[in-house]
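Dear colleague,

I am handing over the structure we spoke about, and below it I set out what was found in it. Please keep it open while you read.

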Amino acid sequence: MIAFLTFFATYECIAQTSLMPVECGTMKELTMVLAEYDEKPFAIAATHRTTQGNVAENHVLFFVNPKTRSWTVAEKVSDNKYCVLSGGTNFSLISEKGNGI
């Protein structure tokens, strides 16, 4: 994930009472970084944020490399701006029996 620092500007996001660094960039820049890890689109979900009474819908994108089990989660925050929220290793699905956590 160190490669993100080369392509993305770093922004700080306020989540409750703590600051979390978030790397953001264009889809082209995100795709270049994901290619280094051979991560492919896995899932998409809608997210809703309320700011000053206005609700905005964005999308969270999940990318996974099934062989190495690396993963990245990014949020589309504007037309061509995506912010990486997190990434890591040891991706696995949670079974109905609760295995995987």
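Helices and strands here are DSSP runs, numbered from the N terminus, with at least four residues for a helix and at least two for a strand. Please bear in mind throughout that this is a predicted model.

To begin with the overall layout, the chain holds two helices and six strands, and along the sequence these follow one another in the pattern α-β-β-α-β-β-β-β. Of the 101 residues in the chain, 27% are buried. The accessible surface of the chain comes to about 7,100 Å², and carbon and sulfur atoms account for 57% of that surface. Among the contacts in the chain with a separation of 6 or more, 35% are between residues 24 or more positions apart.

Next comes the interior. The largest nonpolar core is made up of seven residues, namely L30, L34, L61, F63, A74, Y82 and V84. Helix 2 (27-37), strand 4 (54-64) and strand 6 are the elements that give two or more residues to this core. Two of the core residues are worth following in some detail, and I would start with F63, which is placed in strand 4. With a relative accessibility of 6%, F63 falls under the 20% limit and therefore counts as buried. Apart from its neighbours within four places in sequence, F63 is in contact with L30, L34, E39, K40, P41, F42, S70, W71, T72 and A74. For one of these partners, A74, the C-alpha atoms of the pair are 8.3 Å apart in space, while the two residues are 11 residues apart in sequence. The other core residue is L61, and when neighbours within four places in sequence are left aside, L61 is in contact with M27, A43, I44, T72, V73, A74 and Y82.

T72 appears among the contacts of F63 and also among those of L61. T72 lies in strand 5, which covers residues 71-78, and with a relative accessible area of 1% it is buried. T72 and G87 are 15 residues apart in sequence, yet their C-alpha atoms are 4.0 Å apart in space.

Which cysteines are joined by a disulfide? The link runs from C24 to C83, with 1.9 Å from S to S, and the count of disulfides comes to one. C24 lies in strand 2 (residues 18-25) and C83 in strand 6, so the pair ties together parts that are 59 residues apart in sequence. The link of C24 and C83 is right-handed, with 105° about the S-S bond. As for their surroundings, C24 is buried, with a relative accessible area of 6%, and C83 likewise counts as buried, at 7% relative accessibility.

Turning to charged side chains, the count of salt bridges comes to one. In general, side chains of opposite charge can pair when their charged atoms come close. Here D38 forms the salt bridge with K40, and the closest N and O atoms are 3.1 Å apart. Are these two residues buried, exposed or in between? D38 counts as partly exposed at 41% relative accessibility, and K40 counts as partly exposed at 46%, because partly exposed covers the values between the buried limit of 20% and the exposed limit of 50%.

D38 deserves a second look for its backbone. It is found in the loop between helix 2 and strand 3 (40-51), and its phi is near 55°, a positive value in a residue other than glycine. N90 also has a positive phi, near 60°, and is again a residue other than glycine. N90 is found in the segment after strand 6, where it counts as exposed at 53% relative accessibility.

Finally, there is a feature on the outside to point out, since the segment after strand 6 (81-88) also contains L93. At 60% relative accessibility, L93 is over the 50% limit and so counts as exposed. Together with F42 and F62, L93 makes a nonpolar surface patch of about 310 Å². F42 is also one of the contacts of F63, a residue of the largest nonpolar core.

With kind regards

Conventions:
Residues numbered from 1 in each chain as written. Predicted model: local features only at pLDDT ≥ 70, side-chain atom pairs only at ≥ 80, totals over all residues. Heavy atoms only, no water. Patch = residues over 30% accessible without salt bridge, like charges linked within 9 Å, V, L, I, M, F, W, Y side chains within 5 Å. Areas by Shrake-Rupley, 256 points an atom, 1.4 Å probe, with all protein chains shown as cover. Salt bridge = Lys/Arg side-chain N within 4 Å of Asp/Glu carboxyl O. Buried < 20%, exposed > 50% of the residue type's maximum accessible area, 1.4 Å probe, protein only. Core = buried A, V, L, I, M, F, W, Y, C linked by side-chain atoms within 4.5 Å. Contact = heavy atoms within 4.5 Å. Disulfide = S-S within 2.5 Å.
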